[in-house]
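Visitor: Hi! Could you walk me through this one? I'm new to this, so plain words please.

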Amino acid sequence: MKPAEFYQRDRLWHPPALAQDYKTSVPRSPRLALLSLEGSLSEITGPTFGHNDIDPIDNDLIRNYAKTGDPVGERIIVHGRVLDENGRPVPKTLVEIWQANASGRYRHKKDGYLGALDPNFGGCGRTLTDENGYYYFRTVKPGAYPWRNWVNNWRPAHIHVSVFGSAFSQRLITQMYFEGDPLIRQCPIVNTIPDPRAIDQLIAPLDMNAAIPLDCLAYKFDIVLRGRRSTLFENRLEGN
Amino acid sequence: MPQPLDYLKETPSQTAGPYVHIGLAPGAAGFSIFRQELGQVIAGPDTKGERIRVEGVVLDGTGAPVKDVLLEVWQADSAGIYPHPEDPRHAECSADFRGWGRIITDFDSGQWMVETVKPGSVMGRNGRRMAPHLNLWIVARGINLGLQTRMYFEDEDNAADPVLNLIEQVDRRQTLLARKLAPGHYRFDIRLQGEGETVFLDV
C-alpha cells in the first residue's frame with residue numbers, strides 16, 4: 001500500500017483568511033471560496049533538500065552572525081520533532097526559523113522599532129530534521145515588540161517557523177510562542193485561531209530536561225504536518 | 001464512548017508577518033548570513049527547455065500592490081517531470097533542475113520577476129493530462145494561511161485541463177492565465193480580493 005493523497009486540511013482548526021481584529025487581513029483575504037482539488041502529482045510532490053544546501057552552523061543563532069562576541073539575551077535551545085498527523089516522523093525536511101533579538105528588534109531594513117539592534121545577532125537559522133524527524137536550534141529568546149494594529153498592540157515573544165514536509169501541499173508557516181507569556185491571549189494574530197486547543201499547540205513548554213546546566217534553558221516545539229491516506233480499495237493516482 | 005481517533009492535528013498556521021525575508025531571503029532583508037540562499041535558481045544553466053521570464057504584482061482588495069509578499073514556485077521540468085521521488089519518471093528529470101524557487105517583490109513597487117523554464121504538461125488524475133502550469137504558494141503579512149494557486153500560460157492549449165474545468169464560473173478561469181508579452185515573456189498578476197479575484201485552491 002503506497003500512500004496517496006493528503007488528509008483534507010481542517011480549515012476550522014487553522015485561522016480563517018478574514019480575521020477583522022488582525023487589520024491587514026481585511027484587504028488581503030479572498031472573498032470567494034477556495035477551489036478544492038483532489039491531489040495530483042503537482043500536489044503530492046515538493047522540493048527536497050540535502051546537507052549540501054546548508055551548513056552545520058546554520059542552526060546556531062548564537063554563533064551564525066557573531067562578529068565580536070555572543071549576542072545579548074536569554075540563551076535557549078529550541079528543539080522538537082516534525083511529525084505527520086499519523087504520528088510518523090518527517091525525516092530530512094527543511095525547517096527554517098526567524099525572529100527578533102532580545103530587544104524585540106528585527107534585522108530587517110523595514111523595521112524601525114527603537115529597540116536596539118544586536119551587532120552579534122542575525123535572527124535566522126535553518127536545519128534538516130534527522131531520520132527521526134528531530135531538529136534543534138540554539139538562539140536567544142526574542143523580546144516582545146509593538147506593532148501598528150490597535151494603538152497599543154504588542155506581539156508576544158515568538159519565533160517564526162517554516163516547514164516543507166515532503167510535498168508542496170504540506171508547506172506550512174507558523175509561529176512558536178513561549179509557555180506562560182501573558183501577551184499570548186491578548187494578541188489579535190494569535191486570536192485569528194478560533195479554537196483555544198489549536199492555540200495551545202503553538203505554545204512551546206519549558207523543557208528542563210533539555211536545558212544545559214549553567215549554560216542555557218530549553219523549549220520543546222513539536223510540529224505536525226498533514227498526514228496521508230493509504231490507497232485502500234482504489235486505483236492509485238495516475239502514473240504512480 | 002467509542003474509541004478515540006488517535007490522529008494528531010496539523011499545527012495551525014500563522015501569518016509569515018512583515019519580516020519573512022529575514023528567515024527565507026535574508027539578502028532581501030538587507031544582510032548576508034548563509035553561504036547560499038535557497039530558492040534563487042529554479043532551473044540552472046544545464047536545464048533543458050524554453051527559458052521564460054514571468055513578471056507580475058500581487059494586489060490587495062483596494063487594488064494596491066502588496067509590497068511585502070513572498071511567493072514560492074513548484075513546477076515540473078520541460079518534459080513534465082517533477083524532481084521528486086513520487087514522480088514515476090523522476091530519474092529522467094532534466095539535469096540541473098530544482099523545480100522550486102522563491103520570489104521576492106520589490107519593496108517600493110511590489111513588482112516581482114522570476115526566470116525559469118516552461119514546464120511540460122503533467123499527468124493528472126484518471127489519465128487526464130494537465131496543461132503546463134506553475135504551482136504557487138503566497139505568504140505575507142495579513143495572510144493567515146499560505147494561499148495556493150496555479151499559473152497557466154495563455155499560449156498553451158488549456159481547454160482540457162481538469163483543474164481549470166473545475167472552475168464553475170467560466171470567466172474566472174482566465175485569472176489563472178499568464179498573459180504573453182513577448183516570446184518567452186509573461187505577465188501574471190494576482191488579485192487577492194475583489195474584482196477579478198484570483199482563483200485560490202484548497203489542495
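Guide: Happy to! One definition to begin with: helices (H or I, at least four residues) and strands (E, at least two) are DSSP runs, numbered from the N terminus. With that, A:Leu214 can be placed in the loop between strand S11 (203-204) and strand S12 (217-220) of chain A.

Visitor: How are the numbers and letters assigned, and where does the model come from?

Guide: This is a predicted model, where local features need pLDDT of at least 70, side-chain atom pairs count only at pLDDT 80 or more, and totals for chains, interfaces and linings use all residues. Residues are numbered from 1 along each chain as its sequence is written, chains are lettered from A and ligands numbered from 1 in the order in which they are written, and side-chain values use heavy atoms, with hydrogens and water left out.

Visitor: Back to A:Leu214, is it buried or exposed?

Guide: A:Leu214 is exposed, because its relative accessible area is 94% (buried means under 20%, exposed over 50%, partly exposed in between, with a 1.4 Å probe and protein chains only). Its phi is near 65 degrees, a positive value in a residue other than glycine.

Visitor: What is phi for B:Asp96?

Guide: For B:Asp96, phi is near 65 degrees, also positive in a residue that is not glycine. You'll find B:Asp96 in the loop between S2 and S3 of chain B. B:Asp96 counts as partly exposed because its relative accessibility is 39%.

Visitor: New topic. How many residues does each chain put into the contact?

Guide: Chain B gives 82 residues and chain A gives 94 residues, where contact means heavy atoms within 4.5 Å. Between them the chains bury about 7800 Å², 56% of it on carbon and sulfur atoms. Buried area here is the accessible area (1.4 Å probe) that two parts lose on being put together, summed over both.

Visitor: And how many salt bridges are there between the chains?

Guide: The count between chain B and chain A is twelve salt bridges, each a side-chain nitrogen of Lys or Arg within 4 Å of a carboxyl oxygen of Asp or Glu. One of them links A:Arg228 with B:Glu86, with the closest N and O atoms 3.0 Å apart.

Visitor: Which parts of chain B touch chain A?

Guide: The elements that give two or more residues to that side include helix H1 (20-24), helix H2 (26-29), strand S2 (70-74) and strand S3 (100-104) of chain B. By class, this side of chain B has 43 nonpolar, 20 polar and 19 charged residues. Ala, Val, Leu, Ile, Met, Phe, Trp, Tyr, Cys and Pro count as nonpolar, Asp, Glu, Lys and Arg as charged, and the others, Gly among them, as polar.

Visitor: What does B:Ala16 touch?

Guide: Leaving out residues up to four places away in sequence, B:Ala16 touches A:Trp98, A:His160, A:Ile173, B:Val139, B:Ala140 and B:Ile143. B:Ala16 lies in the segment before H1 of chain B. With a relative accessible area of 2%, B:Ala16 is buried.

Visitor: A:Trp98 is on that list. Which way does it point from its strand?

Guide: A:Leu94, A:Glu96 and A:Trp98 point one way from S4(A), while A:Val95 and A:Ile97 point the other way, and all are buried. In a regular strand the side chains alternate between the two faces of the sheet. S4(A) covers residues 94-98 of chain A.

Visitor: What does S4(A) pair with?

Guide: S4(A) and strand S5 (residues 124-128) of chain A pair in the antiparallel sense over five bridges; two strands pair if DSSP finds at least two bridges between them. A:Trp98 stands opposite A:Cys124 in S5(A). Four bridges also join S4(A) to strand S9 (residues 158-163) of chain A, again running antiparallel.

Visitor: And S2 in chain B, what are its partners?

Guide: S2(B) pairs in the antiparallel sense with S3(B) over five bridges, and with S7(B) in the antiparallel sense over five bridges. B:Trp74 has B:Trp100 as its bridge partner in S3(B) and stands opposite B:Asn135 in S7(B).

Visitor: Do strands pair across the chains too? Which ones?

Guide: Strand S2 (residues 35-36) of chain A and S12(B) pair in the parallel sense over two bridges. There, A:Ser36 stands opposite B:Asp202.
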